[in-house]
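I opened this model to practise reading a structure by eye. These are my notes, in the order I took them.

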Amino acid sequence: MPGDKDIEYMKMAIQQAMEAAAAGEVPVGAVIVCDGEVVAKARNEREERESAVAHAEILAIEEASKRLGRWRLSDCTIYVTKEPCPMCAGAIYQARMKRLVYGPADQKAGAAGTLYNIVQDERLNWQLEVESGVLEEENVRLLQGFFRARRPPHHS
Ligand SMILES: [Zn+2]
């Protein structure tokens, strides 16, 4: 079960996702917390950076590492507004993070339990604790609202 703190940090990640939506980006946000301290907040910046790797999780990991002066984030929890994709799940695993908390599952690209489970694969040398479905409805609404508003007129 998610604790009160988890809800609080997820709300912070949702704030980031909302900023992404306002900037015309797919609304995904991420927050990294180490020892009770927020060390990174990021959002999807794929369009602005014209970069396929500029997902919220990747940018948050970079920021946290810079701030802490180390790549290993084994005392950190990452909060993401939706299930990470294979690239981000891979990066979260590479950073040796302790815990992953996310909102709704991603049926098309989820790599933390849906299509793959990169963060808990025992063939790899690191597994995370995972909490899913945190503030799921808020995040689903945010994503659906974004795609509904952005979808061009349908051509068949
Ligand atoms: Zn990703």
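The entries below go through the sheet, the helices, the metal site, two single residues and the salt bridges.

**Entry 1: before starting**

I reminded myself that this is a predicted model.

**Entry 2: the sheet**

I began with the strands. In what order do the five strands of the open sheet lie? I read the order as 2-1-3-4-5, and the pairing is mixed. Strand 2 and strand 5 are the edge strands, since each of them pairs on one side only. From one strand to the next, the twist averages 15 degrees.

Then I looked at one pair inside the sheet. Strand 1 (residues 29-34) and strand 3 run antiparallel, and five bridges join them. I picked V33 to follow across, and its bridge partner in strand 3 is T77. Helix 3 packs on this sheet, where it touches strand 1, strand 2 and strand 3. The direction of helix 3 makes about 145 degrees with that of strand 2.

**Entry 3: helix 4**

Which residues of helix 4 are buried? I noted C88, A89, G90, A91, I92 and Y93. What do these buried residues pack against? They pack against helix 3, strand 3 (76-80) and strand 4. After helix 4 comes R96, and I wrote down its phi because I was checking the backbone there: it is positive, near 55 degrees.**Entry 4: the zinc ion**

Which protein atoms are the donors of the zinc ion? I found H55 (ND1), C85 (SG) and C88 (SG), lying 2.0 to 2.3 Å from the ion. Along the sequence, these donor residues are spaced H-x29-C-x2-C. H55 lies in the loop between helix 2 (46-49) and helix 3, while C88 lies in helix 4, so this pair ties together parts that are 33 residues apart in sequence.

I also checked how covered two of the donors are. H55 has a relative accessible area of 19%, and buried means under 20%, so H55 counts as buried. C88 is buried too, at 0% relative accessibility.

**Entry 5: I78**

I went back to strand 3, where I78 is found. Is I78 buried or exposed? It is buried, with a relative accessible area of 0%. Leaving aside neighbours within four places in sequence, I78 is in contact with A30, V31, I32, E57, I61, I92, M97, R99, L100 and V101. I also looked up a distance from I78 to D121, 43 residues apart along the chain: their C-alpha atoms are separated by 18 Å.

**Entry 6: R43**

R43 sits in strand 2. R43 has 13% relative accessibility and counts as buried. What does the side chain of R43 do? I found a polar contact of 2.9 Å that joins it to the side chain of E48. Beyond the neighbours within four places in sequence, the residues in contact with R43 include Q16, E19, A20, A23, E25 and V28. E48 is on that contact list as well, along with G29, A54, A56 and L59.

**Entry 7: salt bridges**

A general point to keep in mind: side chains of opposite charge can pair when their charged atoms come close. How many salt bridges are there? The count comes to 11.

I zoomed in on E37 and R67, whose side chains meet in a salt bridge at 2.7 Å, N to O. E37 lies in strand 2 (residues 37-43) and R67 in helix 3 (residues 56-68), so the pair ties together parts that are 30 residues apart in sequence. E37 is partly exposed at 40% relative accessibility, and R67 is partly exposed at 49%.

Next I tried K98, which forms a salt bridge with E129; the closest N and O atoms are 3.3 Å apart. K98 is in the loop between helix 4 (86-94) and strand 4 (99-102), and E129 is in strand 5 (residues 129-131), so the pair ties together parts that are 31 residues apart in sequence. K98 is partly exposed, with a relative accessible area of 40%, and E129 is partly exposed with 40%.

E129 also meets R99 in a salt bridge (3.9 Å, N to O). Here strand 5 holds E129 and strand 4 holds R99, so the pair ties together parts that are 30 residues apart in sequence. R99 counts as buried, at 16% relative accessibility. Which residues do salt bridges with shared partners join into one network? My last note lists them: D6, K98, R99, E129 and E131.

Terms used: Residues are numbered from 1 along each chain as its sequence is written. This is a predicted model: local features need pLDDT of at least 70, side-chain atom pairs count only at pLDDT 80 or more; totals for chains, interfaces and linings use all residues. Side-chain values use heavy atoms; hydrogens and water are left out. A salt bridge is a side-chain nitrogen of Lys or Arg within 4 Å of a carboxyl oxygen of Asp or Glu. Helices (H or I, at least four residues) and strands (E, at least two) are DSSP runs, numbered from the N terminus. Buried means under 20% relative accessible area, exposed over 50%, partly exposed in between (1.4 Å probe, protein chains only). Contact means heavy atoms within 4.5 Å. A polar contact is a pair of N or O atoms within 3.5 Å; within protein, one must be able to donate a hydrogen and the other to accept it, and residues adjacent in sequence count only if both atoms are side-chain atoms. Donors are N, O and S atoms within 2.8 Å of the metal (3.2 Å for Na, K and Ca); water is not among the atoms, so sites may look incomplete. Two strands pair if DSSP finds at least two bridges between them. Axes are lines fitted to C-alpha atoms, for helices over the stretch in contact, and angles run from 0 to 180 degrees between N-to-C directions.
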